[in-house]
Number of protein chains: 2
Amino acid sequence: MADAKIFLSESEMPQAWYNIQPDLPAPLMPPLNPGTGEPIGPGDLAPLFPMELIMQEVSMERWIEIPDDVMRIYTRWRPSPLHRAFALEEELGTPARIYYKNESVSPAGSHKPNTAVAQAYYNKQEGVTRIATETGAGQWGSALSLAGALFDIEICVYMVRISYDQKPYRRLLMQTWGGECIPSPSDRTNVGRAILAEDPDSPGSLGIAISEALEDTVGREDTKYALGSVLNHVMLHQTINGLELKKQLAIAGEKPDMMIGCVGGGSNFAGFCFPFVKDKLDGQDIEIIATEPTACPTLTRAPYRYDFGDNAQMTPLLKMHTLGHKFVPPPIHAGGLRYHGDAPLGSLLVAQNVIKPRAFPQYVGFEAAVTWARSEGHLPAPETAHAIKAAIDEALKCKETGEEKCIVIAYSGHGHFDMASYDAYLTGNLIDYELPQEMIDEAMKSVPEVPEP
Amino acid sequence: MADAKIFLSESEMPQAWYNIQPDLPAPLMPPLNPGTGEPIGPGDLAPLFPMELIMQEVSMERWIEIPDDVMRIYTRWRPSPLHRAFALEEELGTPARIYYKNESVSPAGSHKPNTAVAQAYYNKQEGVTRIATETGAGQWGSALSLAGALFDIEICVYMVRISYDQKPYRRLLMQTWGGECIPSPSDRTNVGRAILAEDPDSPGSLGIAISEALEDTVGREDTKYALGSVLNHVMLHQTINGLELKKQLAIAGEKPDMMIGCVGGGSNFAGFCFPFVKDKLDGQDIEIIATEPTACPTLTRAPYRYDFGDNAQMTPLLKMHTLGHKFVPPPIHAGGLRYHGDAPLGSLLVAQNVIKPRAFPQYVGFEAAVTWARSEGHLPAPETAHAIKAAIDEALKCKETGEEKCIVIAYSGHGHFDMASYDAYLTGNLIDYELPQEMIDEAMKSVPEVPEP
């Protein structure tokens, strides 16, 4: 019998990240200055990011070397294992071969440290002593807190208040790593104070938290800003995952017929599939499926438009699939998938039909997650459950047709800090949200009219 | 630079468990029938366990083959990685080389599934359809629920009520895997009803929960009982860990100078060190250190005596280090270390001076855990923190003496379901317990006077 796990040795690890920008099937539209409507330049971003990350953001180099210090930290948990889901295959009775690339083995329990460590490194290199950021469910805030501990950088996390209250364990994880965690909206910023003045009980949103972190950053000499998804350099750092996967599949003697992940901002998915997108563009027959919740259907139901990344219109305008920057998604448990937009790189590939999106209500995601847990054992994050649901659907189709497809799942994280959501599912208290078209139309009114450059 | 992780391939996995019984430095005293004072035989245990496990309990075979079906499940997460703790070494500035064998990678997050899977397998083989057990903090209950899901066996877990209330996430983990979880004392058993009649708000104890699970078992045809520690066959199944470790250390070119683990019942520690105990008895210079909490100092302060394993005196008498079966340990966060006794095999080796015990208050354990998390990244369980504390102490001694010792830690589990205890530590709300001698003397009164056979 084949091995249940395919490991790489540390010496086999990819030594460079893969930058997809030179290989895109269409030009990536530049971020725009909302005031002038002109493309922004590196200088505009200098108050926010260290210059090395800004250069990565716009780089046309295909390969960007991973610094030794980042590599040394990666080896604490990387290369992450590629598992064959034998038990799920047996449970479903499918002739498909199902694999999953397991990013849950990092200390933070997800793919997020791949970029958190890299970002902390470049900040450290340029003498930054404090980083501000935002977090929704807490995956990103905890990953950056971990990276801050490793590089001795102070981390300040604005956490969406409803998650801060509902997910105390994620906050504690940040604090254990030494991060400061502030419920947002807060009285630390003008943005926060204005919202609290209107509504002292505001539950907050990711858009608001981004605005607060940005205001915190521009107001302080010692502070830079970090984003856990959406931007090109974040996608870049995540490609360590897909590059490892490529080597692991080769060891297993496999070529993927189907690659499935979940998309919030889209960084795990990008890292997982971008190294294979080039193969697909070169003619290889791979279906690449991005899953998302019906409660926040950016890829399946939103147009490809220029919009702000945050609620308070502080970011540059980004060309992406967007439901409008004022959109506040329903409170589904997959907090990591509650963002009004998507990464420009992933959005472009969806618009170009290279990546196919698919949306699911959260209930069927949890159903799939429990099937998974009772066969494979491991407990997936609610975000990851969306990818598992799609993979089970496809494996069952193979059962009907007899096709022996190779299906690879991006297992982005574990659900150890999401047990309350399993509770809701097991006790029948899970609410599903299908957005009526009028709600989407209303939200879309916040997308600005921008003449494309 | 040496690799940060040493993996074995699945084909290098040990194919048999190691049974230490033929290699003990002194005879293991048999379990006694409390009524007759005579050694019990396999037949006495038949109502509780499948015969194959009973035979393992008394076996004098050095090697016992691991069944294929168990092996196939082990490969979902085994061989578990051996890590070099480079970052901790650097943080401490020690010349010692620190390794840790990481059992937190199992779906349940600890070593417990090593025996849960084996026990479920042998029960399934003998047609058992339901297993009753108890759990303290929930590590064992969740591991057995996982194993029940994999072998399609109904699992019923009596969980100490105070943990049931305080650790809802552990209970949810059991339920996600399909296990039934009942707060103990419960109204399901005579034992439970009697205690509730006296004290409807009883917080419960592990001894009481064992009594309830035993009563549940003997009252039903379809049900057997399972124990997650203490017994010989449990120690046996855990040796997969130490046997892997042996091969991994050989790959790293290392011989351990010091092996450190934490001990509740002692199964993780046994599995970790028993394959090395033989080397030590054969003359190799290895210090083997068992750590425990000062709040439940069975190895450091309790005598080696015959006692009951449970509160209601339903078990056979076992020769072990014991604080008395009526002893209810203070509510420290390391729930897995709150047991009044210890495994007979480990107890014998401590009595024979082969294993050296050492006790720590929980505060210094958490201090060590946070040092660990902020350097190594991973978040240890409160139980595991005791071993980390001792390892840090030893590494700092090496710093003073310049000794380049090889120190290996049994990293028994992660702390993802124990964040409330980190909260208590971080907010200064952790209570330390040193037991006054009078309290130990009082507890010891429950140890029966038994003439040794």
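1. Helices H2 and H5 of chain B. In this predicted model, helix H2 (residues 51–58) of chain B packs on helix H5 (residues 113–125) of chain B at about 130 degrees. Their axes lie 8 Å apart. H2(B) and H5(B) are therefore oblique to each other. On the H2(B) side the contact uses Glu52(B), Leu53(B) and Gln56(B). On the H5(B) side it uses Gln119(B), Tyr122(B) and Asn123(B). By class, that gives 2 nonpolar, 3 polar and 1 charged residues.

2. The H2 and H5 pair in chain A. Helix H2 (residues 51–58) of chain A meets H5(A) at an angle of about 130 degrees, and the axes are 8 Å apart. The angle is over 115 but not over 145 degrees, so H2(A) is oblique to H5(A). Glu52(A), Leu53(A) and Gln56(A) face Gln119(A), Tyr122(A) and Asn123(A) across this contact. The residues divide into 2 nonpolar, 3 polar and 1 charged.

3. Helices H5 and H6 of chain A. Helix H5 (residues 113–125) of chain A also packs with helix H6 (residues 139–151) of chain A. The angle is about 45 degrees and the axes are 8 Å apart. H5(A) is therefore oblique to H6(A). The crossing of H5(A) past H6(A) is right-handed. From H5(A), the contact takes in Pro113(A), Thr115(A), Ala116(A), Val117(A), Gln119(A), Ala120(A), Tyr121(A) and Lys124(A). From H6(A) come Trp140(A), Ala143(A), Leu144(A), Leu146(A), Ala147(A) and Phe151(A). The class count for this contact is 11 nonpolar, 2 polar and 1 charged residues. Note Gln119(A): it is listed in this contact, and it also meets H2(A).

4. The sheet of 4 strands in chain B. This open sheet runs in the order S8-S7-S6-S9, with parallel pairing. Strand S8 (180–184) and strand S9 (223–225) of chain B form the edges, each pairing on one side only. From one strand to the next, the twist averages 25 degrees. Within the sheet, strand S6 (residues 130–135) of chain B and strand S7 (residues 154–160) of chain B are joined by 6 bridges in the parallel sense. Across that pairing, Ile131(B) stands opposite Ile155(B). Helix H10 (residues 206–218) of chain B packs on the sheet. H10(B) touches S6, S7, S8 and S9 of chain B, and its direction makes about 170 degrees with that of S6(B).

5. The sheet of 7 strands in chain B. Here the order is S1-S4-S5-S15-S10-S11-S14, in an open sheet with mixed pairing. Strand S1 (5–6) and strand S14 (356–360) of chain B are the edge strands; each pairs on one side only. Strand S10 (residues 258–262) of chain B runs parallel to strand S15 (residues 406–411) of chain B, and 3 bridges join the two. Met258(B) in this pairing stands opposite Ile407(B) of S15(B).

6. Cis peptide bonds. Two sites deserve a look in the backbone. In chain A, a cis peptide bond links Ser184(A) to Pro185(A), with omega about 10 degrees. Pro185(A) sits in the loop between strand S8 (180–184) and helix H9 (190–198) of chain A. In chain B, the bond from Arg78(B) to Pro79(B) is cis, and omega is near -10 degrees. Pro79(B) belongs to the loop between helix H3 (68–74) and strand S4 (82–84) of chain B.

7. A positive phi. Asn353(A) is not a glycine, yet its phi is positive, near 70 degrees. The residue lies in the loop between helix H14 (344–351) and strand S14 (356–360) of chain A.

8. How the chains relate. Chain B superposes on chain A by a rotation of 180 degrees, with 0.0 Å of shift along the axis and an RMSD of 0.0 Å. The two copies are thus related as by a two-fold rotation axis. Which residue of chain B comes closest to the rotation axis? It is His416(B), whose C-alpha is at 3.2 Å. Both copies use the same surface: 100% of the contact residues of chain B recur in chain A.

Definitions and conventions: Residues numbered from 1 in each chain as written. Chains lettered and ligands numbered in written order. Predicted model: local features only at pLDDT ≥ 70, side-chain atom pairs only at ≥ 80, totals over all residues. Heavy atoms only, no water. Pairing = 2+ DSSP bridges. Axes fitted to C-alpha atoms, helices over the stretch in contact; angles between N-to-C directions. Contact = heavy atoms within 4.5 Å. Least-squares fit on C-alpha atoms with pLDDT ≥ 70 in both. Parallel < 35°, antiparallel > 145°, perpendicular 65-115°, else oblique. Left-handed = near helix turned anticlockwise from the far one by under 90°. Nonpolar A, V, L, I, M, F, W, Y, C, P; charged D, E, K, R; others polar.
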